[in-house]
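Q: Could you take a close look at one helix in this structure and then walk me through the packing around it?

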Amino acid sequence: MSDSITVRKMQFEFSDEMELVFIEHDPELSFLFLGTWMLLPYLEPYLMRTMRKALSERQDEIGNSSLIHDMQQFCSQEGQHYQQHAKANEIILSIMPEASRLTMVGLLENIESQYKSFSAEQPLEWNLAYAEGFEAYTAAGARTQMELRVFDYMTNPIRDLMLWHIMEELEHRTVAFDAYEALGRGYLYRLRYGVWAQKHFVGLGRQLTAIMLQAFPELVTAHDDAEARRIREAHRKVYLKRTMKNLIGIYMPWYSPGRLKMPPMYEEARAEYDRRALSTAT
Ligand SMILES: [Fe+2]
Ligand SMILES: [Fe+2]
């Protein structure tokens with residue numbers, strides 16, 4: 001069963017004064033997220049191209065009108081996500097030292113061309129397996145973050161950006177899976193290229209994170225004392241354990257995102273961002 005997928009237009013206030021170390025006491029984890037999110041303005045449009053190609057070329061095979069509607073809503077949500085992330089990314093790039101900015105921009109151009117070549121050169125089934133590999137991984141991370149309520153020790157506006165985004169990722173968690181099930185080449189192919197996709201974007205995220213850490217060394221040292229270390233180690237231990245538990249599930253042959261149990265924070269976040277959205281469409 002899929003949830004109703006709402007497209008929420010948000011207006012977050014990003015500024016060059018915003019707290020980049022938005023996870024209390026944890027610059028490395030903050031930069032891991034901020035670095036990885038640099039690729040979203042290239043990755044999410046690629047997911048949208050994949051869904052739109054499936055809709056335009058093989059809609060008859062999908063058959064199910066509610067899945068067709070959900071695939072359209074998926075594209076609209078991802079469109080909002082990457083635009084909000086692009087605004088935050090632009091500000092972060094503008095406050096980076098020039099050398100780091102140039103390295104980052106060079107890598108982002110390379111990433112953009114990789115995703116464009118996947119759309120142009122790979123078969124639709126491969127792109128759908130990539131999409132589901134990304135979506136399953138994101139949904140596992142999103143559940144972990146909500147189950148552990150990591151947002152309690154984050155600061156806005158980046159907290160808002162993350163919570164709104166992962167809540168909508170969970171809202172559309174069944175779409176890439178169901179689209180692959182309708183048009184793909186079965187479990188083993190999905191597993192093979194889904195895992196490839198995860199290695200691919202995690203690898204890119206690592207490279208982007210390294211540039212972020214190099215760009216803001218003073219923020220890393222400013223949060224590095226014994227107390228901060230103790231707190232972040234305790235948080236990370238719990239986080240890692242729960243992530244492993246949620247991630248293992250996505251590789252099982254019986255994995256079905258529609259059957260995942262949602263944490264209480266999911267409905268709380270849906271209600272909160274419904275209320276705060278400039279406009280919504282379901
Ligand atoms: Fe997204
Ligand atoms: Fe998504």
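A: Happy to! Let's start with helix α8 of this predicted model. Helix α8 covers residues 187-215, and its 29 residues should span 42 Å at 1.5 Å a residue; the end C-alpha atoms are 41 Å apart, so the model agrees with that expectation.

Next, the side of the story told by burial. The buried residues of α8 are R190, Y193, G194, A197, F201, L204, L208, T209, I211, M212 and A215. What covers these buried residues includes α1 (27-37), α2 (40-62), α4 (98-121), α5 (124-147) and α7 (175-183).

One of those covering helices, α5, leads us on to the core. The largest nonpolar core has 64 residues, and L39, L43, M51 and A179 are those with the most contacts inside it. To this core α5 gives the most, with 10 residues. Leaving aside residues up to four places away in sequence, A179 touches M51, A54, L67, M71 and L128.

Finally, α5 also has a helix partner worth a look. Two packed helices are described by the angle between their axes and the distance between the axes. For α5 and helix α6 (residues 158-171), the angle is about 125° and the axes are 9 Å apart. That angle makes α5 oblique to α6, and the crossing of the two is left-handed. On the α5 side the contact is made by T138, A139, A142 and Q145, while α6 brings I166, E169 and L170.

Note on methods:
Residues numbered from 1 in each chain as written. Chains lettered and ligands numbered in written order. Predicted model: local features only at pLDDT ≥ 70, side-chain atom pairs only at ≥ 80, totals over all residues. Helix = DSSP H or I, 4+ residues; strand = E, 2+ residues; numbered from the N terminus. Expected span 1.5 Å × (residues − 1). Buried ≥ 20, exposed ≤ 12 C-beta atoms within 10 Å, placed from the backbone. Contact = placed C-beta atoms within 7 Å. Core = buried A, V, L, I, M, F, W, Y, C linked by C-beta atoms within 7 Å. Axes fitted to C-alpha atoms, helices over the stretch in contact; angles between N-to-C directions. Parallel < 35°, antiparallel > 145°, perpendicular 65-115°, else oblique. Left-handed = near helix turned anticlockwise from the far one by under 90°.
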